[in-house]
Amino acid sequence: RSEGAAMAQEMEHTQLSVRGISLHVAQVGKDELGTVVFLHGFPEIWYSWRHQMQAVAAAGYRAIAPDSRGYGLSDQPPEHEEPSWEDLVADVLAILDALSIPKVILVGKDFGAMPAYDFTLRHPGRTRGVACLGIPFSPVPFDFAGTMPEGFYPLRWRQPGRAEADFGRYDIRRVVRTIYVLFSGSEVPVAEQGQETMDLTDGSAPLPGWFTEEDLDVYAALYENSGFGFPIRMPYGSLDKMATQLDARFEVPVLMVMGENDYVMKLPGFEAAVRGGMMAGFAPDLKVAFVPEGSHFVQEQFPAQVNELLLVS
């Protein structure tokens with residue numbers, strides 16, 4: 001049995017009833033030093049944080065990782081409700097209140113960075129610090145329509161029904177596998193005319209060395225439960241609904257961790273935002289750290305380096 005499977009068994013799993021839905025939460029550790037809440041991206045899930053949760057628990061923190069609403073073992077929001085970023089922030093607050101946690105360190109990855117940043121701005125009294133992986137803080141919504149080709153996957157996936165039809169040709173395990181292979185590369189996933197995102201790699205492409213078939217089984221089982229309907233709408237159908245926060249000011253320490261080979265660094269403005277000090281205007285206490293060779297899944301690929309950055313920052 002792999003280390004990952006052994007670790008997963010120490011986790012305590014609970015369903016928290018908050019804000020009219022049930023959220024699945026994994027947790028491990030005692031909060032001698034405090035609590036760290038981890039917010040995942042796509043196509044991720046609580047399990048994406050397995051290495052970090054163990055490390056912060058061993059260091060004396062309590063680690064908590066929810067499945068975001070509509071993901072994994074968390075409930076699907078009502079069909080008629082438009083997904084909203086405010087809901088993700090409110091879910092974090094509700095989790096803290098349900099577990100009687102006064103203040104947390106937040107760690108967000110990919111689209112999970114957005115509620116981590118937003119929660120920190122709105123609830124500075126509940127936050128000790130925030131660390132985000134892969135996505136810099138943006139004071140305006142991400143808009144790729146004028147700057148990226150039509151085949152760029154967020155532009156494709158925000159079209160109603162397009163990703164569902166693309167993914168629907170394959171089983172869920174194959175879809176997660178394909179996205180992990182694509183998103184762990186250094187090239188931006190862009191489909192040509194007449195091609196869908198799932199066509200950008202085939203089933204024979206090997207998984208990254210740090211991601212096992214057993215890891216893939218865990219992801220597939222969780223997405224089998226939730227499907228991809230809501231995960232496509234949040235984040236991809238909702239990027240244009242991100243808040244505009246030109247006067248944002250972080251009152252707590254901010255850590256930004258970026259893999260140097262993350263394809264996100266090639267998106268318009270992202271490298272300038274990360275390297276050029278744009279974030280420092282919003283976050284007076286900012287630390288930016290780069291992981292050489294790091295991909296978009298840097299916390300799974302180089303857990304020891306990411307854990308060290310989280311624990312010393």
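This report describes the fold, the enclosed and open spaces, and some local backbone features of a predicted model.

## Overall architecture

The chain of this predicted model has twelve helices and eight strands. Its radius of gyration is 18 Å, close to the 20 Å that the globule rule gives for 313 residues, so the chain is as compact as a globular protein of that length. Taken along the principal axes, the box filled by the C-alpha atoms has dimensions of roughly 55 × 45 × 40 Å.

## The sheet

Eight strands form an open sheet in the order S1-S2-S4-S3-S5-S6-S7-S8, and the pairing within this sheet is mixed. At its edges stand strand S1, residues 12-18, and strand S8, residues 286-291, each of which pairs on one side only. Neighbouring strands of the sheet are turned against each other by 20° on average, when direction is ignored.

Strands of a sheet pair through backbone hydrogen bonds, in either the parallel or the antiparallel sense. For S1 and strand S2, which spans residues 21-28, the sense is antiparallel, and the pairing extends over seven bridges. Within this pairing, Gln15 stands opposite His24, a residue of S2.

## Helices lying across the sheet

Helix H2, formed by residues 50-58, lies across S2, strand S3 (34-39) and strand S4 (61-66), and it runs at about 160° to S4. Helix H12, formed by residues 303-312, lies across S3, S4, strand S5 (104-109), strand S6 (127-133), strand S7 (254-259) and S8. The angle at which H12 runs to S8, the latter being one of the edge strands, is about 165°. Both helices therefore have S3 and S4 among the strands they lie across, as the contacts of H2 and those of H12 show.## The largest pocket

The largest pocket has a volume of about 340 Å³. It is lined by 18 residues, and those nearest its centre are Ile105, Gly129, Ala131, Leu310 and Ser313. At least two lining residues are supplied by each of S3, S5, S6, S7 and H12, and the largest share, four residues, comes from S6. H12 also lies across S3, S5, S6 and S7, among other strands. By class, the lining of the largest pocket divides into 13 nonpolar, two polar and three charged residues.

## Enclosed cavities

The structure holds three cavities of 30 Å³ or more. The largest cavity contains about 180 Å³ of space, and among the 17 residues that line it, Asp110, Ile135, Phe144, Tyr153 and Leu239 lie nearest its centre. The lining of the largest cavity comprises 15 nonpolar residues, one polar residue and one charged residue.

The second largest cavity contains about 150 Å³ of space. Its lining consists of 15 residues, of which Leu39, Pro66, Ser68, Leu88 and Val92 are the closest to the centre. The elements that give two or more residues to this lining are S3 and helix H3, the latter spanning residues 85-98. H3 gives the most to the lining of the second largest cavity, with four residues. The classes represented in this lining are nine nonpolar, three polar and three charged residues.

## Backbone features in loops

Two cis peptide bonds that precede proline residues can be described here. The peptide bond from Phe42 to Pro43 is cis, with omega near 5°, and Pro43 is found in the loop between S3 and H2. The peptide bond from Met234 to Pro235 is also cis, with omega near 25°, and Pro235 is found in the loop between helix H9, which spans residues 229-233, and S7.

A further backbone feature concerns Ser100, which has a positive phi of about 55° although it is not a glycine. Ser100 lies in the loop that runs between H3 and S5.

## The surroundings of Val188

Val188 is found in the loop between helix H7, residues 172-183, and helix H8, residues 213-226. When residues up to four places away in sequence are not counted, Val188 touches Met148, Phe152, Tyr263, Lys266 and Leu267. The C-alpha atoms of Val188 and Gly277 are separated by 23 Å, and these two residues are 89 residues apart along the chain.

Notes:
Residues are numbered from 1 along each chain as its sequence is written. This is a predicted model: local features need pLDDT of at least 70, side-chain atom pairs count only at pLDDT 80 or more; totals for chains, interfaces and linings use all residues. Side-chain values use heavy atoms; hydrogens and water are left out. Two strands pair if DSSP finds at least two bridges between them. Axes are lines fitted to C-alpha atoms, for helices over the stretch in contact, and angles run from 0 to 180 degrees between N-to-C directions. Contact means heavy atoms within 4.5 Å. On a 1 Å grid over the protein atoms alone, a cavity is a set of points where a 1.4 Å probe fits but cannot get out, and a pocket is an open set with protein on both sides within 12 Å along at least five of seven lines; lining residues have an atom within 4 Å of a point. Grid points are joined across faces, edges and corners, and a volume is the space filled by probe spheres set on the points. Ala, Val, Leu, Ile, Met, Phe, Trp, Tyr, Cys and Pro count as nonpolar, Asp, Glu, Lys and Arg as charged, and the others, Gly among them, as polar. The radius of gyration is taken over C-alpha atoms; the globule rule is 2.2 Å times the number of residues to the power 0.38.
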